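Student: Could we go through this structure together? I would like to start with the domains and then turn to the interfaces and the ligand.

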Amino acid sequence: MDLPTARQGVERYRRWAGYALRYAVLLVVAGIVVFPIYMTVVNSLLSSTSIIAWPPELFPFDPQWDNFRKALDEVPLMRYMLNSLIMAGVIVIGQLVTSALAAYAFAFLRFPGRTFLFILFLSTLMVPWEVSIVPNFQTIQRLDWLDSYQALTVPFLATGLGTFLLRQHFLTIPQELRDAAAIDGYGHIRFLIFVVLPLSRAVLAALAVFGFLQAWNQYLWPLLVTNEENMRTVQIGLAALRGREVDTFNITMAATVISALPILIMLVLFQRQLVRGLTAGALKG
Amino acid sequence: MSRVVFDHVTKSFGDVVAVADLSLEVHDKEFLVLLGPSGCGKSTALRLVAGLEDPAEGNIIIGDRIVNNVEAKNRNVAMVFQNYALFPHMSVYDNMAFGLRMRRIPRRERDQKVLDAARMLGLQDLLRRRPGELSGGQRQRVALGRAIVRNPSVFLMDEPLSNLDAKLRVQTRRELVKLHRQLETTVIFVTHDQVEAMTMGARIAIIHEGALQQVGDPQEVYQHPANLFVASFIGSPAMNFFHSELRLHDDQLMAHSSGGRFPLSEEQARALAVLKEGKVIVGVRPEHILPDWEAEEGPEAGLDVVVDTVESMGHEQHVTFSAGDTTVVARLDAARSLQEGERLRLRIDRAHMHFFDPDSGQRIERE
Ligand SMILES: Nc1ncnc2c1ncn2[C@@H]1O[C@H](COP(=O)(O)OP(=O)(O)OP(=O)(O)O)[C@@H](O)[C@H]1O
Ligand SMILES: [Mg+2]
């Protein structure tokens, strides 16, 4: 009677130790990831004297909430954010629409040159964006689109990566579903809307978040194509703040925190879909 | 009128000829089984009727209309797919109502139709579930339900039972036959399982390499296989074949094979006179081979054989013998046990011999 319980005790202890170790590692990694973000928040709440103090303060004992108001006063941060939001929103919607349509054609339609075109799409992934920045700029300039939302968005409305990812997912949707829908009178567009897209929600969400982040964080291109204050995006506004004296660093940090809020909110909202989109091959049986 | 006619239909994919000059009429309200080995073009034939593939040559006729250029949705056919093709993100109700939505059928009528079909199939309590939450048999019934609510003039079923376990398959087989009687529509049922074909079909069309081999009711294809392919494909264990030469012994025509020799009746001899080279393939079903102790007196063929393997089925045994360089399979009564290596003499009832032309593979019929 004694022996099994003793063994069980050892087992339980082992399992517990395993958990403890795992969580310790996770905590360390999480700390490394979170620390810079934490410091940004701390700095955004320090006064201009304590921000240049040495050693640096690790906790805002006297939080200066006023910093946020100052940040909003000093530059038209709200306007920048609105611009960024419009830009990122249009880009995300455009990318989802164009990649879904292109991916559908590659996955479900048979047409001459399909493989060639698909490889062409893929090859755009190998060309870094910087290579095309000059010709793109010239095009925008010639269209007289400088300082406009078109300039900020149109070059990014299609994406090879999005098309590729969606196509790979669409290929996991059985051809039989297409056949069944065709017999029931569903054309390609209806089949896409009522069957393919609902079955791809997770991938679409991942793609949207990814595209939004990328658009939101853009710097070089908005800098090139906008000059007017009211067309600037948030990253450019932040950079302008950064270029000033050291003791307003707290204001810059406050602006940074504000500008990160939309992304934070989005990540929280989409977290579930994101994880599923990255892990699951959503179809079975 | 919802007969379906294949009129010299050919369809190929690149070099592969999936359907080769197929001519076949499926009668109105008939349950026809398309039977053939994997890759013989059964699914392609169904898809041609559904309008999912276009024939390269020939015509598909539904009712009295050539439908070659009619879109799938306007053919009024419904198809049940091998993997059911249910939409995983929709409830059972939505899956069944899927085709009705596109037809602008008013909501109340739609509800009624779905409910009726669900009741008929015993699905009424599952309407809210997703396909992922159903068992294989239930999914299969949802797929059927989706087809039924459309009230099609032709049902196309592509191996709808192949994903069910053996017991459920037998049960569903019966339900399908009953359902067909209830619905009174034309059904084309595809399978590669001859037992399924024999038990379900009013008529069976046997296809091999895209070409039609024989059409007939189960008895007919079993007792009068039109050629070597049908003879070997239908029946389990398969028919035994003896490559033989015709020789005369004292006015008695005999078929000589390496395994033994079979005396032929006058009638058979007359039928075989069409063979110029004097060569014939003799086919005998395993149940028509009897060990000597059971054979009755009479002019029967004899084979001297050695027992190879014995497979017991409980009520009978399947015994493999070697006779010369051919192997012979017989279905014998389980009562008498046989030992491996045992020698004995087999007799064959001459009335049950089938003859085939070795060149063309075609059956040579008596008379
Ligand atoms: N879309 C296609 N493209 C190329 N070849 C095809 C296509 N569809 C079918 N085939 C070929 O046509 C032949 C017949 O195929 P089909 O699917 O009709 O066979 P089947 O009798 O239904 O077989 P199974 O019992 O395995 O389902 C096969 O050789 C197959 O490889
Ligand atoms: Mg098939």
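**Domains, ligand and chain interface**

Tutor: In chain A, the domain assignment gives domain 1 (3-44) and domain 2 (67-279); such bounds come from an automatic or database domain assignment. This is a predicted model, in which local features need pLDDT of at least 70 and side-chain atom pairs count only at pLDDT 80 or more, while totals for chains, interfaces and linings use all residues. Residues are numbered from 1 along each chain as its sequence is written, chains are lettered from A and ligands numbered from 1 in the order in which they are written, and side-chain values use heavy atoms, with hydrogens and water left out.

Student: What separates the centres of domain 1 and domain 2 of chain A?

Tutor: Taken over C-alpha atoms, the separation of the two centres is 36 Å. The contact (heavy atoms within 4.5 Å) takes 4 residues from domain 1 of chain A and 8 residues from domain 2 of chain A.

Student: And how much area do those domains of chain A bury between them?

Tutor: About 420 Å², with 70% of it on carbon and sulfur atoms. Buried area is the accessible area (1.4 Å probe) that two parts lose on being put together, summed over both. On the domain 1 side of chain A, Thr40(A), Asn43(A) and Ser44(A) lose the most area to domain 2, together 93% of what that side buries.

Student: How many salt bridges are found across that interface of domain 1 and domain 2 of chain A?

Tutor: The rule, a side-chain nitrogen of Lys or Arg within 4 Å of a carboxyl oxygen of Asp or Glu, finds 0 salt bridges there. It does find 1 residue pair in polar contact between these domains of chain A, both at pLDDT 80 or more. A polar contact is a pair of N or O atoms within 3.5 Å; within protein, one must be able to donate a hydrogen and the other to accept it, and residues adjacent in sequence count only if both atoms are side-chain atoms.

Student: Changing topic: which side chains have an N or O atom 2.5 Å from an oxygen atom of ligand 1?

Tutor: Ser38(B) has such an atom, and so does Thr44(B). For Cys40(B), a backbone N or O atom lies 3.2 Å from an oxygen atom of ligand 1.

Student: How many residues are in contact between chain A and chain B?

Tutor: 17 residues of chain A are in contact with 26 residues of chain B. The two chains bury about 1800 Å² between them, 64% of it on carbon and sulfur atoms. In chain A, Glu176(A), Ile183(A) and Asp184(A) lose the most area to chain B, together 37% of what that side buries.

Student: Which side chains meet in a salt bridge there?

Tutor: The rule finds 2 salt bridges between chain A and chain B. One of them joins Asp179(A) and Arg47(B), at 2.6 Å from N to O.
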